[in-house]
Amino acid sequence: MNDKKIVIFYSFLTAAVFLFFCLWYFTQSENAGVFIRDGSETSAEVYVEETETEAVTEAADEAVMETAEVGETEAAKVNINTASAEELCTLPGIGEKTAESIITYRNENGGFKEAEEIMNIKGIGEKTFQSLENMITIE
């Protein structure tokens, strides 16, 4: 009788492990989440379309960033010698206080002679300057 209980116990244990493995495997699949949500095949098509749209959007964003880095014109750059606080705030990493510090610095020093001088402003270090370098001008 003991042997029969052991066989039943191991049968249930094996079935439980198999079920757990199957559930884990199907949740790791790309489309599994879609089928589990509502069980319809249509949702898989929507999922694929959304995934493709996301990939296209990400590729477009990357292309825009590359174009911005490579093809910036002087018209798109912010002149740190003449820009208002609002214009300076459009630059990444420049807030209201930093914009005011830039304006104060240029008024006290007769403007910026080189773009690198912006690193004399508290809060603008080399890393921030590198991100601004292609977005600012002194002319």
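**Exercise 1. Get your bearings: how many helices and strands does the chain have, and what pattern do they follow?**

Solution. Start with the count: the chain has six helices and two strands. Keep in mind that you're looking at a predicted model. Next, walk along the sequence and write down each element as it comes, which gives α-α-α-β-α-α-α-β. Then add some overall numbers. The chain has 139 residues, and 21% of them are buried. Its accessible surface is about 10600 Å², with 58% of that belonging to carbon and sulfur atoms. Finally, take the contacts between residues at least 6 apart in sequence: 39% of these join residues at least 24 apart.

**Exercise 2. Work out which residues make the nonpolar surface patch of about 520 Å², and decide whether Val 17 is buried or exposed.**

Solution. First, list the members: Ile 6, Phe 9, Tyr 10, Leu 13 and Val 17 make the patch. Now pick out Val 17, which sits in helix H1, spanning residues 2-28. Its relative accessible area is 52%. The cut-off for exposed is over 50%, so Val 17 counts as exposed.

**Exercise 3. Find the largest nonpolar core and say which helix supplies its largest share.**

Solution. Begin with the core itself: 18 residues belong to it, and those with the most contacts inside it are Leu 88, Ile 94, Ile 102, Ile 118 and Ile 136. Now look at the helices. H5 (96-109) and H6 (126-132) each bring at least two residues to this core. H5 gives the largest share, with four residues. To see one core member up close, zoom in on Ile 118. Skipping residues up to four places away in sequence, Ile 118 touches Ile 80, Ile 102, Phe 112, Ile 124, Phe 129 and Ile 136.

**Exercise 4. Track down the aromatic pair and explain why it counts as stacked.**

Solution. There's one aromatic pair to look for in the structure. Its partners are Tyr 105 and Phe 112, whose ring centres are 5.0 Å apart, with 25° between the planes. Two rings pair if their centres lie within 6.5 Å, and planes under 30 degrees apart count as stacked. The pair meets both cut-offs, so it is a stacked one. As a last step, check burial. Tyr 105 is buried at 16% relative accessible area, and Phe 112 is buried too, at 4%.

**Exercise 5. Describe the surroundings of Ile 121: where is it, and which residues is it in contact with?**

Solution. Place it first: Ile 121 is in the loop between H5 and H6. Then check its cover: with a relative accessible area of 4%, Ile 121 is buried. Now go through the contacts, leaving out neighbours within four places in sequence. That leaves Thr 98, Ser 101, Ile 102, Tyr 105 and Phe 112, and the last two are the partners of the aromatic pair. For Tyr 105, you can add a distance: its C-alpha atom is 7.5 Å from that of Ile 121, although 16 residues separate them along the chain.

**Exercise 6. Locate Ser 84 and classify its exposure.**

Solution. Look between strand S1 (78-79) and helix H4 (85-89): Ser 84 is in the loop there. Its relative accessible area is 31%, making it partly exposed. To finish, go from Ser 84 to Ile 102, 18 residues apart along the chain: their C-alpha atoms are separated by 9.8 Å.

Note on methods. Residues are numbered from 1 along each chain as its sequence is written. This is a predicted model: local features need pLDDT of at least 70, side-chain atom pairs count only at pLDDT 80 or more; totals for chains, interfaces and linings use all residues. Side-chain values use heavy atoms; hydrogens and water are left out. Rings of Phe, Tyr and Trp (its six-membered ring) pair if their centres lie within 6.5 Å; planes under 30 degrees apart count as stacked, over 60 as edge-to-face and the rest as tilted. Buried means under 20% relative accessible area, exposed over 50%, partly exposed in between (1.4 Å probe, protein chains only). Patches are made of residues with over 30% relative accessible area and no salt bridge: like charges are joined within 9 Å, nonpolar side chains (Val, Leu, Ile, Met, Phe, Trp, Tyr) within 5 Å. Accessible areas come from the Shrake-Rupley method with a 1.4 Å probe; for residues, only the protein chains shown count as cover. A salt bridge is a side-chain nitrogen of Lys or Arg within 4 Å of a carboxyl oxygen of Asp or Glu. Contact means heavy atoms within 4.5 Å. A nonpolar core is a set of buried Ala, Val, Leu, Ile, Met, Phe, Trp, Tyr and Cys residues joined through side-chain atoms within 4.5 Å.
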